[in-house]
Amino acid sequence: MGRAYQNRKESMAKTAAAKTKVYSKYGREIYMSAKSGGIDPQANLSLRGLIERAKKDQVPSHVIEKAIEKAKGGAGEDYSPARYEGYGPGNCMVIVDCLTDNPNRTFGDVRLAFTKTKCKIGTPGTVAHMFDHCAIFVFKGQDEDAVLEALMEADVDVTDIENEDGQITVFTPNTEYAKARQALTDAFADIDFEVDEIQFLPKTTTVVEGDDIPMFEKFCDMLNELDDVQNIFHNAELPEQ
């Protein structure tokens, strides 16, 4: 699982520069989380995690506060989640997560990114079964046994724990996110999550090479330029630059 996550991290780093609307992305996610789970970060662990990630990505406080205030007032856009699946360049598998106030527009925009790069968008479930939907926590530490014990005492279903170079990585099913996060913060008061999120991790990888590499980059760029796109998950394995 670690290798798949490392591939995911590297692919994120390669496409992150194309995401020019980080503030909007976080604003939507924070608004949705606060609207559905409450505006108090102490009671809404998903919101707390989002706020902490936003701050680490240098999102200004006023953007965060505005999103929470909008949720508090009950006004504003009515976003809903949308997920699209298909096959990208080199026949890699792709999942695109969106938040949209106009599903027809979003589907058309995402489909255009697929067709313009000679890719195929599928129906729900086309490739999702080839990914693990995981909550991932990464933090500094050495004692993975203590971490596992804390999670087991809290009755958390742990998928995997890795300890490498002074960093511990915990994988749990996505449904265990809140329980796992609470268990870790309760057990380790000074814990500082370097990664604290839910992702789709591929069970297998597909090597993308040759002419498919620039096409893959164009495909990701087109998706990243869409305001409605929140996350892109794939199983592409690109050659090291």
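These are my notebook entries on helix packing, one buried isoleucine and the cysteines in a predicted model.

**Entry 1: helix H2 against helix H3**

I began with H2, which covers residues 22–37, and looked up how it packs on H3. The angle between the two is about 160°, and their axes lie 9 Å apart. Angles over 145 degrees count as roughly antiparallel, so H2 is roughly antiparallel to H3. I noted the crossing of H2 past H3 as left-handed. On the H2 side I listed Tyr26, Glu29, Ile30, Ser33 and Ala34, which meet Ser46, Leu47, Leu50, Arg53 and Ala54 of H3. Sorted by class, this contact of H2 with H3 comes to 6 nonpolar, 2 polar and 2 charged residues.

**Entry 2: helix H2 against helix H4**

I then turned to the packing of H2 with H4, which spans residues 61–73. Here the angle is about 35°, with the axes 8 Å apart, and the crossing of H2 and H4 is right-handed. From H2, the residues Tyr23, Gly27, Ile30, Tyr31, Ala34 and Lys35 meet Val63, Ile64, Ala67, Ile68, Lys70 and Ala71 in H4. I counted 9 nonpolar, 1 polar and 2 charged residues in the contact of H2 with H4. Going back over both lists, I marked Ile30 and Ala34 of H2, which meet residues of H3 and also appear in the contact with H4. As a reminder to myself, an α-helix has 3.6 residues a turn, so residues three or four places apart point the same way.

**Entry 3: helix H7 and what covers it**

Which residues of helix H7 are buried? For H7, residues 177–187, I found Tyr177, Ala180, Arg181, Ala183, Leu184 and Thr185. The cover over these buried residues includes helix H3 (45–56) and helix H6 (144–153), together with strands S4 (131–140), S6 (167–173) and S7 (195–202).

I looked further at H6, which packs with H7 at an angle of about 120°, the axes being 9 Å apart. That angle makes H6 oblique to H7, and H6 passes H7 in a right-handed crossing. In this contact, Val147, Ala150 and Leu151 of H6 meet Ala180, Ala183, Leu184 and Ala187 of H7. The contact of H6 with H7 divides into 7 nonpolar residues, with no polar and no charged ones. Ala180, Ala183 and Leu184 are among the buried residues of H7, and H6 meets these three.

**Entry 4: Ile213 in helix H8**

Is Ile213 buried or exposed? Its relative accessibility is 17%, and because the cut-off for buried is under 20%, I recorded Ile213 as buried. Ile213 sits in helix H8, residues 212–224. Setting aside neighbours within four places in sequence, I found Ile213 in contact with Val208 and Pro239. I also looked up Pro89, which is 124 residues away from Ile213 in sequence, while their C-alpha atoms are 7.6 Å apart in space.

**Entry 5: the cysteines**

How many disulfides does the model have? I obtained a count of 0. For Cys119, the closest cysteine sulfur is that of Cys92 at 7.0 Å, which is too far for a bond, because a disulfide needs the sulfur atoms within 2.5 Å. I noted Cys119 as buried, at a relative accessible area of 13%. Cys134 also counts as buried, with a relative accessibility of 3%.

Key:
Residues numbered from 1 in each chain as written. Predicted model: local features only at pLDDT ≥ 70, side-chain atom pairs only at ≥ 80, totals over all residues. Heavy atoms only, no water. Helix = DSSP H or I, 4+ residues; strand = E, 2+ residues; numbered from the N terminus. Buried < 20%, exposed > 50% of the residue type's maximum accessible area, 1.4 Å probe, protein only. Contact = heavy atoms within 4.5 Å. Axes fitted to C-alpha atoms, helices over the stretch in contact; angles between N-to-C directions. Parallel < 35°, antiparallel > 145°, perpendicular 65-115°, else oblique. Left-handed = near helix turned anticlockwise from the far one by under 90°. Nonpolar A, V, L, I, M, F, W, Y, C, P; charged D, E, K, R; others polar.
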